[in-house]
Amino acid sequence: MQDLGELEKKWRGAAETAASAEALEAVRVEALGKKGEITGLMKTLGTLAPDERKNFGQQLNLVKDAVTTAIESRKATLGDAAIDARLQSERLDLTLPARPEALGKIHPISQTIDEIIAIFGEMGFGVREGPDIEDDFHNFEALNIPKDHPARQMQDTFYLPAKEDGSQMVLRTHTSPVQVRTMQNEPPPIRVICPGRTYRVDSDMTHSPMFHQVEGLVIDQATHMGHLKGCLQDFCRAFFGIDDLKLRFRPSYFPFTEPSAEVDIGCDRSGRELKLGQGNDWLEILGCGMVHPKVLKNCGLDPEKYQGFAFGMGIERIAMLKYGIPDLRTFYDADLRWMRHYGFMPLDVPSVVGGLTR
Ligand code: 2NL
């Protein structure tokens, strides 16, 4: 009869020294597989006398267990080693300098938002964000937009399926709800801008169902229309990089501001291309006004104590004007050639001191 001590030593040794997962699997097959050596011995048990069979069977089972354990243990070690090797080979040194010659570019929408944040940041504004999916109160009701206002119609607003109580969430149609939340949650003085995605049921050459807006809000005890004009004039001049850019405040109407105005900047349309900051024509670029007392009240502020201004503008529109991008829809094409042309270097981080990109 075979020396089982030698058998165990042989296969345990083979398992413990297997150099790879494949080599270990070969050991397992040769020892414990269907035609393996230990399996083969198991099959001979039937040919032995009963007492011999019991003794040899028990011994052989111990050998089988020991070899199985050795294989499992080696498998775990090899697995850890493989993970270690992979971690080692995929190691990234995050302290290395970025490569400015790399092909990746910053999308003009991101660049424009960063520039807007840099300019208003310099004036002491913070940035606030909020959910894309809003409730009726934050998107409409708080903003004094009546139930029968056209903006609330299905043709203009994306409604989500009704909840059990019949109420419906919406994709926010402007970033105003972020300002509503800011007024609800932070005590004045408030100075914030809210950039982000907005949604309206509209799709043609000059409208996209998803677009970007930035809105601003200033609330204090004596903030007035003069602050509004100065603030927006400084912004427009810094953003377009034209020191003597002319602005025109034209009376307008929004349910959430009173009085309301639209702001035009001076331009020249006489030649083949539009020139900003010269000529005798006007181009509308943003809307603004003094926050309506009802809106202050709806947001938990006392209109007898607080007042302020708000404004809103479309990011695609001002990005197209500043960077000469002729077609709105190309913003969303994810076209790499377009990105290489209109995109920005990752290291061109906008700052008012360091200079905004032109
Ligand atoms: C436009 C005009 C505007 C506002 C947005 C606002 C927000 C609150 C209260 C009052 Cl919470 N007003 N936002 C005010 C005036 C104009 O946007 O043409 N946007 C593209």
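**Note on the predicted model: cysteines, ligand shell, strand β7 and local backbone geometry**

1. The sulfur of C267 lies 13 Å from the closest cysteine sulfur, which belongs to C236, and that is too far for a bond, given that a disulfide requires a pair of cysteine sulfur atoms within 2.5 Å. C288 is likewise in no disulfide, the nearest cysteine sulfur, again that of C236, being 9.4 Å away. The structure as a whole holds zero disulfides, and it should be kept in mind throughout this note that the model is a predicted one.

2. Are C267 and C288 buried or exposed? C267 has a relative accessibility of 0% and therefore counts as buried, and C288, at 2% relative accessibility, also counts as buried. C267 can further be placed by its strand pairing, since C267 stands opposite L276 in β8.

3. The ligand is surrounded by 16 residues, of which the closest are Q213, E215, F256, A310 and G312. With regard to polar atoms, a nitrogen atom of the ligand is 2.8 Å from an N or O atom in the side chain of E215, and a nitrogen atom of the ligand is 3.3 Å from a polar backbone atom of G312. Taken alone, the ligand exposes 490 Å², and the protein buries 89% of that area.

4. Which elements give two or more residues to the shell around the ligand? They are helix α7 (176-185) together with the strands β5 (210-220), β9 (281-291) and β10 (307-314). The largest share comes from β10, which gives four residues. Sorted by class, the shell has nine nonpolar, six polar and one charged residues.

5. E215, already noted for the polar atom of its side chain at 2.8 Å from a ligand nitrogen, also has a partner within the protein, because a polar contact of 2.8 Å joins the side chains of S176 and E215, the cut-off for such a contact being 3.5 Å. S176 lies in helix α7, and with a relative accessibility of 3% S176 counts as buried. A reader who examines the side chain of E215 should therefore look at both the ligand nitrogen and S176, with the burial of S176 in view.

6. Strand β7 (residues 257-268) has ten of its twelve residues buried, so the strand is largely enclosed by the rest of the structure. With β9, strand β7 pairs in the antiparallel sense over nine bridges, and within that pairing S260 stands opposite G289 in β9. With strand β6 (residues 247-254), β7 pairs in the antiparallel sense over seven bridges, where the bridge partner of F249 is V263 in β7 and F254 stands opposite T257 in β7.

7. How many residues lie between β6 and β7 in their hairpin? There are two residues between these strands. A hairpin through six residues joins β7 to β8, and two bridges link β7 to strand β8 (residues 275-276), the two strands running antiparallel.

8. Two cis peptide bonds deserve inspection. The bond from P188 to P189 is cis, with omega near 0°, and the bond from E258 to P259 is cis, with omega near -5°. P259 lies in strand β7, whereas P189 lies in the loop between α7 and β4. As background, most peptide bonds are trans, and most residues other than glycine have a negative phi.

9. P188 is also in the loop between α7 and β4 (190-199), and its relative accessible area of 16% makes P188 buried, the threshold for that class being under 20%. The C-alpha atoms of P188 and Y306, which are 118 residues apart along the chain, are separated by 8.1 Å.

10. Positive phi values occur at N144 and A334, neither of them a glycine. Phi of N144 is near 65°, and N144 lies in the loop between α6 (136-139) and β3 (170-171). Phi of A334 is near 50°, and A334 is placed in the loop between α10 (315-323) and α11 (336-342). A334 is exposed, with a relative accessible area of 71%.

Definitions and conventions: Residues are numbered from 1 along each chain as its sequence is written. This is a predicted model: local features need pLDDT of at least 70, side-chain atom pairs count only at pLDDT 80 or more; totals for chains, interfaces and linings use all residues. Side-chain values use heavy atoms; hydrogens and water are left out. Buried means under 20% relative accessible area, exposed over 50%, partly exposed in between (1.4 Å probe, protein chains only). A residue is near a molecule or strand if one of its heavy atoms lies within 4 Å of it. A polar contact is a pair of N or O atoms within 3.5 Å; within protein, one must be able to donate a hydrogen and the other to accept it, and residues adjacent in sequence count only if both atoms are side-chain atoms. Accessible areas come from the Shrake-Rupley method with a 1.4 Å probe; for residues, only the protein chains shown count as cover. Ala, Val, Leu, Ile, Met, Phe, Trp, Tyr, Cys and Pro count as nonpolar, Asp, Glu, Lys and Arg as charged, and the others, Gly among them, as polar. Two strands pair if DSSP finds at least two bridges between them.
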